[in-house]
Amino acid sequence: PHLLSKSVLDLASSKGVKIDFSTFKNGTNSKQILGEDYPLQLEHVFPVAQTVSLILSTALGEPLYSLIHETSYTAWVLEEEDKRIKEISFRESPRLSYQDAEIELLEKVSGKWIQFDWSHIEEWAARSVG
């Protein structure tokens, strides 16, 4: 399932767009679902290069399920939010990248969008730069 920026949720609500973004597929028309003025981007919350680096540094025989599962979050964000993330990205902390870009990420739990728990991603981020 995908995460979602609060801005996308608010904009979708104001426009009456009723889509479950947690399962919304990335496709040709997906980016324009909120209109041409508000293009969306499906963003990797934890940089893929860091996930690959962690995989390559994992001891042979060590299970990779948790690493892959906990670093593979994607989030629907506005394209303008994606640009802000890239401008101020902190490899040491994906949470700080989003916080400094003033983007609140939400996750869908039991049918409700709630604030995303960054703890697992932050643990992996600390390992990837340590």
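Which residue follows H1, and what is the sign of its phi? The residue is Gly16, and its phi is positive, near 75 degrees. With that detail in place, here is the wider picture.

The model is a predicted one, so local features need pLDDT of at least 70 and side-chain atom pairs count only at pLDDT 80 or more, while totals for chains, interfaces and linings use all residues. Residues are numbered from 1 along each chain as its sequence is written, and side-chain values use heavy atoms, with hydrogens and water left out.

The protein chain holds six helices and five strands. Both kinds of element are DSSP runs numbered from the N terminus, helices being H or I with at least four residues and strands being E with at least two. Along the sequence they come in the pattern β-α-β-α-α-β-α-α-β-β-α.

As for overall dimensions, the radius of gyration of the protein chain is 15 Å, which agrees with the value near 14 Å for a compact globule of 130 residues. That radius is taken over C-alpha atoms, and the globule rule is 2.2 Å times the number of residues to the power 0.38. Along the principal axes, the C-alpha atoms fill a box of roughly 50 × 30 × 25 Å. Of the 130 residues, 38% count as buried; buried means under 20% relative accessible area, exposed means over 50%, and partly exposed is in between (1.4 Å probe, protein chains only). The accessible surface of the chain comes to about 7800 Å², with 52% of it belonging to carbon and sulfur atoms. These areas come from the Shrake-Rupley method with a 1.4 Å probe, and for residues only the protein chains shown count as cover. Contacts (heavy atoms within 4.5 Å) often span the sequence: among those between residues at least 6 apart, 64% join residues at least 24 apart.

On to the helices. In H1, the buried residues are Val8, Leu11 and Ala12. They cover an arc of only 100 degrees around the axis, so they sit on the same side of H1. The arc is that of the directions from the helix axis to the C-beta atoms. Ser13 and Ser14 are exposed on the face of H1 turned away from that buried side. The cover over the buried residues of H1 includes S1, S2, S3 and H4.

Helix H2 (residues 48-56) has Gln50, Thr51 and Leu54 as its buried residues. These cover an arc of only 100 degrees around the axis, which puts them on the same side of H2. The face turned away from the buried side of H2 carries exposed Ala49 and Leu56.

Helix H4 (residues 79-87) buries Glu81, Asp82 and Ile85. Here the arc is only 105 degrees around the axis, which again places the three on the same side of H4. Exposed Glu80, Lys86 and Glu87 are carried on the face of H4 turned away from its buried side. As for packing, the buried residues of H4 meet strand S1 (3-5), helix H1 (6-15), strand S2 (40-44), strand S3 (74-78) and H5.

Leu4 lies in strand S1 and counts as buried, at 0% relative accessibility. Leaving aside neighbours within four places in sequence, Leu4 is in contact with several residues, including Leu9, Phe21, Ala75, Trp76 and Trp113. The C-alpha atoms of Leu4 and Trp118 are separated by 13 Å, with the two residues 114 apart along the chain.

Trp118 turns up again with Arg95, a residue of helix H5. Once neighbours within four places in sequence are left aside, Arg95 is in contact with Trp118 and Glu122. Arg95 is partly exposed, with a relative accessible area of 32%. Between the C-alpha atoms of Arg95 and Ser72, 23 residues apart along the chain, the separation is 14 Å.

Two loop residues round off the tour. Glu102, in the loop between helix H5 (94-100) and strand S4 (105-109), has a positive phi of about 60 degrees although it is not a glycine. Glu102 counts as exposed, at 70% relative accessibility. Ser110, in the loop between S4 and strand S5 (112-115), has a positive phi of about 50 degrees and is not a glycine either. Ser110 is exposed, with a relative accessible area of 77%.
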